[in-house]
Structures are given as C-alpha cells and as structure tokens.
Amino acid sequence: AQDPGSDYGRQKRGCRELMAEFAASAGGDPRFAVLPGVLHSEPVWGNGTTEYALDALLAASKGLPYTCPVDPAVTLPMIVVDDLMRGLIALQEAEEEALAEPQHGYCIPGLSFSPNQLFSEIRKHRPDFEFTVDLNDNMNQFAQLWPDELGTEEPLRDLGYAAQFGLCEMVEEVLAAHAERNKTTAEAFAAIDTDGSGELTRAELEKFVRKYLVRGRERGGYTYRRQDAIGAMVDNAMAALDTNNDGIVSWRTFEEFSRSNSVEQL
C-alpha cells in the first residue's frame, strides 16, 4: 500500500528516474531497493523516526520508562536486519529477466506495527515496562507521511523473498541480546568498582589498569610496559568516562559509554 503522492512515493519515483537515466547512459543492469526502518540488536543506532522502536526496546531491557516521540497509534513499516540482508541478496542474485518492476526497483518488506502494539509485546517480557507520550513534531510528521506497510507481492513473485521475522520474534531476540549485553557491562563495572559504591574513582580505574597490564604481561600481549605509561592511560580513561569532570564515573555514564566502547579496548 504505497501512496504515489506521499514523500515515500516521490522518493521511489525519484529513484526510478535516476536508475532509468543511469541505464540509458551507462547500460548494464542497475537495480535499487526502497527500505523501511531497520531493526536490529546492535548497541547503537541513529536518531531517525523509526528508531523509536529500538530506543523503546533498549529502555525496556534496562527497566527504564520510555518517552515515545510519535503517535502511539500510527503504524510504520519496519524490517529486521536479517530479513533485510536476505531481501537485498535476493535482489542482487535474481535473473534480470525475472525483474518485472520498472527500472528493477523493489521495496523490501518486513513487518508493520504501531508503538502501542510494540509496547504491548514488550510487556509480555517486561510486565513493568512503562511509557509516556511526548510528541516530537518533526518525527511525528514523518511518521504520518510513511505508508502503513510495503507490498509483498512483487518481491515474492520476482525475487522469491518473504520476511521471516514477526513482531514477537523480533522483540524476543532484541531484548535477549540487550539483556546479555547489560549483564556483561554490569560485570565489567563491578570488576572496577571494588568498594561497591556504585561509582568509579580515578584510584579504582588506576588499580584496574595496573591489574590489566599484569594480565597482558602474563599473556605476552604487550611490548611496551613502562609503568610511567599508566598515568597517561588512566588520564585517557577518565577523559572518556568522566563526562562532567567531577572525578567520578557514574553507573549510567559507564553504561552509556559501554554501548560502543569497553575499558579494556580503551
């Protein structure tokens, strides 16, 4: 169900025009795909309209309330990254004569749901999950412009592709991945927080660094082990972790840092 007058429809028409021009000037067999919002279990993502779903799942995994920036009743098309890759590979590998769509352009459909449906599914795993609504005018406007769903007939007919992930499978998989990551982060924090205060000090970080260097030395993984380098290493760690320069690293700061970093890597 695609409205040719919507921004989404105009985007697809624009792709078709570009691909037709490219095919005429360069020849060959150009193909293109139009994608819905991508869902995954990785720790970081952007800040687009459909990323609200990833934000909500992350908050639920941590037992935190979530503030929804779009109309909770609006339905948006999404796709789990596993399905996305299967769809793109199917488009890439399809025989040219099988591609009946103009300029060989295909939407890659996945699943569609509203925030209300997502939150209901989350509560099957996290009954205490809470949310409020505070509309972001820009994000909500885009949410209203998107189609409710992408057509499934053409990719199935020409590519042999159909999505495999539904809402319940997606929520279960993403929450499980976050839970495992949260556990690993908590264990890393506890290993440094030797006094159990729930905060990290420079002295605790230095103690951890010295212990880590010893472990590395035992494994033969270091070629440069001068002790006067420890101060610089701790300075580097504090610069990354002590975001408000108060000499203390809170659990929340450490948790956010650990979404895309680790102290050992640092």
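In this predicted model, the side chains of E101 and R157 come together in a salt bridge, with 3.2 Å from N to O. E101 sits in the loop between helix 3 (81-93) and strand 5 (105-107), while R157 belongs to helix 6 (residues 153-159), so the pair ties together parts that are 56 residues apart in sequence. The two partners can also be described by their exposure. E101 counts as buried because its relative accessibility is 15%, under the 20% cut-off for that class. R157, in turn, has a relative accessibility of 45% and therefore counts as partly exposed. The loop that holds E101 is also the place of Q103. Phi of Q103 is near 55°, which is a positive value in a residue other than glycine. With a relative accessible area of 32%, Q103 is partly exposed.

The pair formed by E101 and R157 is part of a wider set, as the count of salt bridges comes to 10. As a general point, side chains of opposite charge can pair when their charged atoms come close. Another of these pairs is found within helix 4 (residues 115-125), where K124 and E121 lie three residues apart, about one turn of the helix. The closest N and O atoms of K124 and E121 are 3.0 Å apart, and the two residues form a salt bridge. The spacing is worth a brief comment for anyone following along in the structure: an α-helix has 3.6 residues a turn, so residues three or four places apart point the same way. The exposure of the two partners is as follows. K124 is exposed, because its relative accessibility is 61%, and the cut-off for that class is over 50%. E121 is buried, because its relative accessibility is 9%.

Helix 10 (residues 251-257) holds a pair with a matching description: E255 and R252 both lie in this helix, three residues apart, about one turn of the helix. Their side chains meet in a salt bridge at 2.7 Å, N to O. E255 is buried, its relative accessible area being 8%, whereas R252 is partly exposed at 41%. These two residues do not stand alone, since K62, R252 and E255 are linked in a network of salt bridges.

A further loop can be inspected between helix 9 (230-241) and strand 9 (248-250), where N245 is found. Phi of N245 is near 55°, a positive value in a residue other than glycine. N245 counts as exposed, because its relative accessibility is 68%.

Charge on the surface is the next topic. D82, E169, E172 and E173 gather there in a patch of negative charge. Helix 7 (residues 167-192) gives the most to this patch, contributing three residues. One residue of the patch, E173, has its place in helix 7. E173 counts as partly exposed, because its relative accessibility is 37%, a value over the 30% needed for a residue to belong to a patch.

Helix 5 (residues 137-145) offers a view of how one helix divides between buried and exposed residues. Here M139, N140 and A143 are buried. These residues cover an arc of only 95° around the axis, which puts them on the same side of helix 5. The face turned away from this buried side carries the exposed residues D137 and Q141. Looking down the axis of helix 5 is a handy way to see this arrangement, with M139, N140 and A143 on one side and D137 and Q141 on the face turned away from it.

Finally, two separations between C-alpha atoms can be traced in the model. The first concerns S112, which lies in strand 6 (residues 111-113). S112 counts as partly exposed, because its relative accessibility is 32%. The C-alpha atoms of S112 and T75 are separated by 6.4 Å, and these residues are 37 residues apart along the chain. The second concerns C15, a residue of helix 1 (residues 7-26). C15 has a relative accessibility of 25% and so counts as partly exposed. From C-alpha to C-alpha, C15 and R31 are 9.8 Å apart in space, with their positions 16 residues apart in sequence given as the separation.

Methods
Residues are numbered from 1 along each chain as its sequence is written. This is a predicted model: local features need pLDDT of at least 70, side-chain atom pairs count only at pLDDT 80 or more; totals for chains, interfaces and linings use all residues. Side-chain values use heavy atoms; hydrogens and water are left out. Patches are made of residues with over 30% relative accessible area and no salt bridge: like charges are joined within 9 Å, nonpolar side chains (Val, Leu, Ile, Met, Phe, Trp, Tyr) within 5 Å. Accessible areas come from the Shrake-Rupley method with a 1.4 Å probe; for residues, only the protein chains shown count as cover. A salt bridge is a side-chain nitrogen of Lys or Arg within 4 Å of a carboxyl oxygen of Asp or Glu. Lys and Arg count as positive and Asp and Glu as negative; His and the chain ends are not counted. The place of a charge is taken as NZ of Lys, CZ of Arg, CG of Asp or CD of Glu. Helices (H or I, at least four residues) and strands (E, at least two) are DSSP runs, numbered from the N terminus. Buried means under 20% relative accessible area, exposed over 50%, partly exposed in between (1.4 Å probe, protein chains only). The arc is that of the directions from the helix axis to the C-beta atoms.
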